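Here's a walk through one model, pockets first and helix packing after. Have the structure open as you read.

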Amino acid sequence: NKGNLVMEEAQQKTDLLYSPRQIEIAIVLAGPVCTIYMLVKNYNILEQYEFSRNVKYLGSFLFLSLLVAIAYIPYDIPNGAFQASCLIFVWAILKKYHMTKDEISDSSALDFRSNWTVVLVTLLGLIITLGIGTIVSILVIIAADVGLLPMTDSFVSTLEEMSAEGIIFWR
């Protein structure tokens, strides 16, 4: 019976992956932390442990570097520019080092994570990204204020603009 064959195949699909589109949406909505988590989970399921390790460490380093660099970028640059650059970077990784949606669909051993799981992971990723971003921003401001990081005119201008808008309290 064809119905039984489909049921048996569906029961065999136990490994759940995030699709490339789900990962792309997550980076736009929640930032790099969520994407790092999703890629690490996928690579671990696919037993590509070297890719998993590279994403975990290199992704974390790049995320923290971006957070520090943002303090020195003029305040009037829109957030969309950062999101677009992260999306293009992740898209390139997905294109070169990740299975396509069709390859996942065609595999009898793999299936997709539900969109509800993606929503939950994205919300948690957003909260974690905002928390880490806040902590790193505070540390960068303190480090610049005590002379451990350079206090450029652009950085001072950004702090003054943010302070005038009530986003931060500085001096």
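## The largest pocket

Start with who lines it: α2, α4 (49-70), α5 (79-97), α7 (115-145) and α8 (153-164) each put at least two residues into the lining of the largest pocket. Helices here are DSSP runs of H or I with at least four residues, strands are runs of E with at least two, and both are numbered from the N terminus. The biggest contributor is α7, with nine residues. The lining comes to 37 residues, and L67, I70, N79, G133 and S137 sit nearest the centre. The space inside is about 1,100 Å³.

By class, that lining is 29 nonpolar, eight polar and no charged residues. (Ala, Val, Leu, Ile, Met, Phe, Trp, Tyr, Cys and Pro count as nonpolar, Asp, Glu, Lys and Arg as charged, and the others, Gly among them, as polar.) A pocket is an open set of points on a 1 Å grid over the protein atoms alone, where a 1.4 Å probe fits and protein lies on both sides within 12 Å along at least five of seven lines; lining residues have an atom within 4 Å of a point. Points are joined across faces, edges and corners, and the volume is the space filled by probe spheres set on them.

## Where the numbers come from

This is a predicted model, so local features need pLDDT of at least 70 and side-chain atom pairs count only at pLDDT 80 or more, while totals for chains, interfaces and linings use all residues. Residues are numbered from 1 along each chain as its sequence is written, and side-chain values use heavy atoms, leaving out hydrogens and water.

## The second pocket

The second largest pocket has a volume of about 470 Å³. It has 21 lining residues, with L58, G59, L62, F89 and I93 closest to its centre. Two or more residues each come from α3 (32-45), α4 and α5, and α4 gives the largest share, eight. The class split is 17 nonpolar, four polar and no charged.

## α2 and its neighbours

Helix α2 spans residues 20-30 and includes Q22. P20, Q22, I23, E24, A26, I27 and A30 of α2 are buried (under 20% relative accessible area with a 1.4 Å probe, protein chains only; over 50% is exposed, in between partly exposed). Their cover includes β1 (15-17), α3, α5, α6 (101-106) and α7. Right after α2 comes G31, with a positive phi near 95°.

So is Q22 buried or exposed? Buried: its relative accessible area is 9%. Leaving out residues up to four places away in sequence, Q22 touches L17, M38, R113, S114, N115 and V118 (contact means heavy atoms within 4.5 Å).

## Helix packing around α3

The axes of α2 and α3 come within 7 Å and cross at roughly 155°; axes are lines fitted to C-alpha atoms, for helices over the stretch in contact, and angles run from 0 to 180 degrees between N-to-C directions. The pair is therefore roughly antiparallel (over 145 degrees; under 35 is roughly parallel, 65 to 115 roughly perpendicular and the rest oblique). Q22, I23, A26, I27 and A30 of α2 meet P32, C34, T35, M38, L39 and N42 of α3.

On to α3 and α4, which pack at about 170° with axes 8 Å apart. That makes them roughly antiparallel too. The contact of α3 with α4 has ten nonpolar, four polar and one charged residues.
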